[in-house]
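Here's a quick tour of side-chain contacts for anyone who likes to think in rings, charges and sulfurs. Have a look at the structure, then read on.

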Amino acid sequence: QRLSSVFLLLLGLSLSPLLGQNTDVLLQGFNWESQGNTMGWYNVIGSKATDLANTGIDMVWFPPSSDAADNHGYLPRELYDLNSNYGTQAELIAAITALHNNGIEAIADIVINHRVGSTNWADFQNPTWGCWAVTANDEWGQNGGTPCGSWDTGDNYSAARDIDHTNATVRSDISAWMNWMKNTIGFDGWRYDYIRGYSGYYNGVYNDATNISFSVGELWDNLDLNNTDPHRQQIINWIDDTQGKSYAFDFTTNGILQQAVYGELWRLSYSGVAPGVIGWYPSRSVTFVDNHDTGSTQAYWPFPGTKVMQGYAYILTHPGAPTVFWEHFYDWGLHDDIRDLVQIRKRNGLHSTSV
């Protein structure tokens, strides 16, 4: 018997009568080391399409696919060049096609807060941009460059040039690239990287420009376990900035759950409701146990390893749109246990606003 009684006890949910709520389960389709896979990572994803469909996975989040200055894709260089350490453009399309043939959507990791030049700080090519695309307070200016855009609308990112989303040409070019990713490559939605670096208003603009039904943003900040409201309020403020057009990862729930699984279960109730974003805005919350940053070989904020299945028991039986991490599912020997929980969620009709 794979599921212990503690997992089943967490199923005490009734179903909301509201229609149109999100019933999807997302899989993060990579970890921090996937870029080094000798098979080509897109080929690996494609090979798992049938198994993922049989499990009940609805969406797979791909790693950043554009040419980049780093091995993992988070310092994008030429946006339209999709030959990367994860595989070729043809292999990417083949993997997405395999998922589509199994009824699964593909989510692209969109890194648009920042960009690097082809040979220097800001010689942007494909698409070609000038100094006007760089925020006025970027480090480029402090190193003898000439950024001439507007002031940044979010936090500074020192590893690359901060892009000025207030510029109409920047917005038009990004929207055109994203529509190409959707219409030519086949992506169905977006995972927005480092959204604290620019105003969430622009994520709403890009969602409108691409007419997609799902996107999720990553806003990761320090959490004070003794005062969690400011943390989740910050995430909800970003969702509001998008005019409710995007989901956000529920880092608040993740942090509280990491502490709760050590026996502090009282943390999981706050005035009778869940203490994370799922307690205030479940219809726009994406829950998770670990990702390529918090866990994997980076392990910046890893979920307690011996408690991972308790984490999945919680997120797969509670509101929000839950995420399964590839590493846990395929590398940790937890495939069948996680699959059982996903199927319990599906059989009982649980969704993002179940209560």
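A residue is called buried when its relative accessible area is under 20%, exposed when that area is over 50%, and partly exposed in between. Tyrosine 247 has 8% relative accessibility, so this residue counts as buried. Bear in mind that the model is a predicted one.

**Aromatic pairs**

Tyrosine 247 makes a good starting point. It forms a tilted aromatic pair with phenylalanine 214, with 5.0 Å from centre to centre and 45° between the planes. The two partners come from distant parts of the chain: phenylalanine 214 is in the loop between α7 (200–210) and β7 (215–217), tyrosine 247 is in strand β8, and 33 residues separate them. With 4% relative accessibility, phenylalanine 214 counts as buried too.

How many aromatic pairs does a search of the whole structure find? The search turns up 18. Among them are tryptophan 61 and phenylalanine 249, whose ring centres are 5.5 Å apart with the planes at 35°, so this pair is tilted. Here the link runs between strand β2 (residues 59–61), home of tryptophan 61, and strand β8 (residues 247–249), home of phenylalanine 249, which puts the partners 188 residues apart. Both ends are out of the way: tryptophan 61 is buried at 2% relative accessible area, and phenylalanine 249 is buried at 4%.

That pair also has company. Phe30, Trp61, Trp220, Phe249, Phe251, Phe288 and Trp301 are joined into a cluster by ring pairs.

**Charges over rings**

Two arginines sit over aromatic faces, as listed here.

| Arginine | Ring | Distance to ring centre |
|---|---|---|
| arginine 232 | tryptophan 280 | 3.5 Å |
| arginine 284 | tyrosine 247 | 5.0 Å |

So tyrosine 247 turns up again: besides its pairing with phenylalanine 214, its face has arginine 284 lying over it.

**The disulfide**

Now for the sulfurs. A disulfide is a covalent bond between the sulfur atoms of two cysteines. The count for this model is one, and it joins cysteine 131 to cysteine 148 with an S to S distance of 2.0 Å. The link is right-handed, with 80° about the S-S bond. It ties together distant parts of the chain, 17 residues apart: cysteine 131 lies in the loop between β4 (114–115) and α5 (139–142), while cysteine 148 lies in the loop between α5 and β5 (161–162).

Are these cysteines buried, exposed or partly exposed? Cysteine 131 has 25% relative accessibility, so it counts as partly exposed. Cysteine 148, at 42%, counts as partly exposed as well.

Key: Residues are numbered from 1 along each chain as its sequence is written. This is a predicted model: local features need pLDDT of at least 70, side-chain atom pairs count only at pLDDT 80 or more; totals for chains, interfaces and linings use all residues. Side-chain values use heavy atoms; hydrogens and water are left out. A disulfide is a pair of cysteine sulfur atoms within 2.5 Å. Helices (H or I, at least four residues) and strands (E, at least two) are DSSP runs, numbered from the N terminus. Buried means under 20% relative accessible area, exposed over 50%, partly exposed in between (1.4 Å probe, protein chains only). Rings of Phe, Tyr and Trp (its six-membered ring) pair if their centres lie within 6.5 Å; planes under 30 degrees apart count as stacked, over 60 as edge-to-face and the rest as tilted. A charge sits over a ring if NZ of Lys or CZ of Arg is within 6 Å of the ring centre and within 35 degrees of the ring normal.
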